[in-house]
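Subject: Structure for your review

Dear colleague,

Please find below the structure that I am handing over to you. I would be grateful if you could read the notes beneath it with the coordinates open.

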Amino acid sequence: MKLLIMNGPNLNLLGQREKDIYGERSFDSYLQELKDMFPEVELDYFQSNVEGELINRIHEARGVYNGVILNAGGYTHTSVALADAIGGVQELVPVVEVHISCILAREEFRHISLIAPKCKGSVMGFGLDSYRLAILSFL
């Protein structure tokens with residue numbers, strides 16, 4: 001099993017920004033914990049603040065990964081292009097949408113996910129543990 005975890009804009013600042021929402025831990029430290037928890041799964045990681053780079057990486061995942069775990073950050077609510085990219089590969093590489101916070105309990109503009117209809121499923125509101133739950137969905 002080979003999975004790609006992708007984080008979108010501003011998630012490179014985990015552990016540094018809005019700690020009351022996103023916690024105090026960096027994703028890099030949590031990624032090592034995930035790798036230790038799932039030694040049978042090859043986990044790769046990519047983060048970008050650039051929409052086009054995320055789209056390119058989704059396209060490149062075809063035939064390489066068994067699935068993608070995507071926290072699209074703010075692009076969740078705004079990116080038709082990212083939704084189209086997921087839709088274009090969904091038969092070859094399923095995508096699970098992940099959010100650290102529960103987007104339905106936040107500002108109203110965050111309640112709509114443009115990418116969710118193209119994803120295999122969504123996990124939200126469990127902090128960083130949302131990524132672990134997404135991995136489990138592929139096993």
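The notes below go through the strands, the helices, the aromatic rings and a few individual residues. Please bear in mind that this is a predicted model.

**The strands**

Strand β3 (67-71) is a suitable place to begin. Five of its five residues are buried, so β3 is largely enclosed by the rest of the structure. The cover extends to both of its faces: Gly 67, Ile 69 and Asn 71 are buried on one side, and Val 68 and Leu 70 on the other.

Strand β3 has two parallel partners among those described here, β1 and β4. With β1 (residues 2-7), the pairing runs over five bridges, and Met 6 is the residue that stands opposite Leu 70 of β3. With β4, the pairing comprises three bridges, and here Leu 70 faces Glu 97.

Strand β1 is itself mostly covered, with five of its six residues buried. It also pairs in the parallel sense with strand β2 (residues 42-47), over six bridges. Within that pairing, Leu 3 has Leu 43 of β2 as its bridge partner.

**Helix α4 and its surroundings**

Helix α4 spans residues 80-89, and its buried residues are Leu 82, Ala 83, Ala 85, Ile 86 and Val 89. Viewed down the helix axis, these residues fall within an arc of 160°, so they line one face of α4. The face turned away from that buried side carries Val 80 and Gly 88, which are exposed.

What do the buried residues of α4 pack against? Their contacts are with α3 (51-60), β3 (67-71) and β4 (95-99). Two of these elements, β3 and β4, also combine with α4 itself in a β-α-β unit, which is right-handed.

The loop that leads from α4 to β4 contains Val 93. This residue is buried, with a relative accessible area of 0%. Apart from neighbours within four places in sequence, Val 93 is in contact with Ala 61, Arg 62, Tyr 65, Asn 66, Gly 67 and Val 68. Gly 67 and Val 68 belong to β3, where they lie on opposite sides of the strand. The C-alpha atom of Val 93 is separated by 9.7 Å from that of Lys 120, 27 residues apart along the chain.

**Helix α2 and the aromatic rings**

In helix α2 (residues 27-37), the buried residues are Phe 27, Tyr 30, Leu 31 and Leu 34. They cover an arc of only 105° around the axis, which puts them on the same side of α2. On the other side of the helix, Asp 28 and Asp 36 are exposed. The buried residues of α2 pack against β1, β2 and α5 (129-138).

A search of the whole structure for aromatic pairs finds four. For Phe 27 and Tyr 30, the ring centres are 6.2 Å apart and the planes stand at 65°, so the pair is edge-to-face. The two residues are three places apart in α2, about one turn of the helix. Relative accessible area is 3% for Phe 27, which is buried, and Tyr 30 likewise counts as buried at 4%.

The pairing of rings extends further, linking Phe 27, Tyr 30, Tyr 45 and Tyr 131 into a cluster. Tyr 45 falls within the range of β2 (residues 42-47), and Tyr 131 within that of α5 (129-138).

**Charges over rings**

Two lysines are placed over aromatic rings. Lys 2 lies over the face of Tyr 65, 5.2 Å from the ring centre. Tyr 65 is also one of the contacts of Val 93. The charged end of Lys 120 sits over the ring of Phe 138, at 4.3 Å from its centre.

**A backbone feature**

Which residue has a positive phi although it is not a glycine? Asn 10 does, with a phi of about 75°. Asn 10 is found in the loop between β1 and α1 (19-22). At 39% relative accessibility, this asparagine counts as partly exposed.

With kind regards

Methods
Residues numbered from 1 in each chain as written. Predicted model: local features only at pLDDT ≥ 70, side-chain atom pairs only at ≥ 80, totals over all residues. Heavy atoms only, no water. Phe/Tyr/Trp six-rings, centres within 6.5 Å; stacked < 30°, edge-to-face > 60°. Helix = DSSP H or I, 4+ residues; strand = E, 2+ residues; numbered from the N terminus. Buried < 20%, exposed > 50% of the residue type's maximum accessible area, 1.4 Å probe, protein only. Lys NZ or Arg CZ within 6 Å of the ring centre and 35° of its normal. Arc of directions from axis to C-beta. Contact = heavy atoms within 4.5 Å. Pairing = 2+ DSSP bridges. Right-handed = clockwise from strand over helix to strand, strands pointing away.
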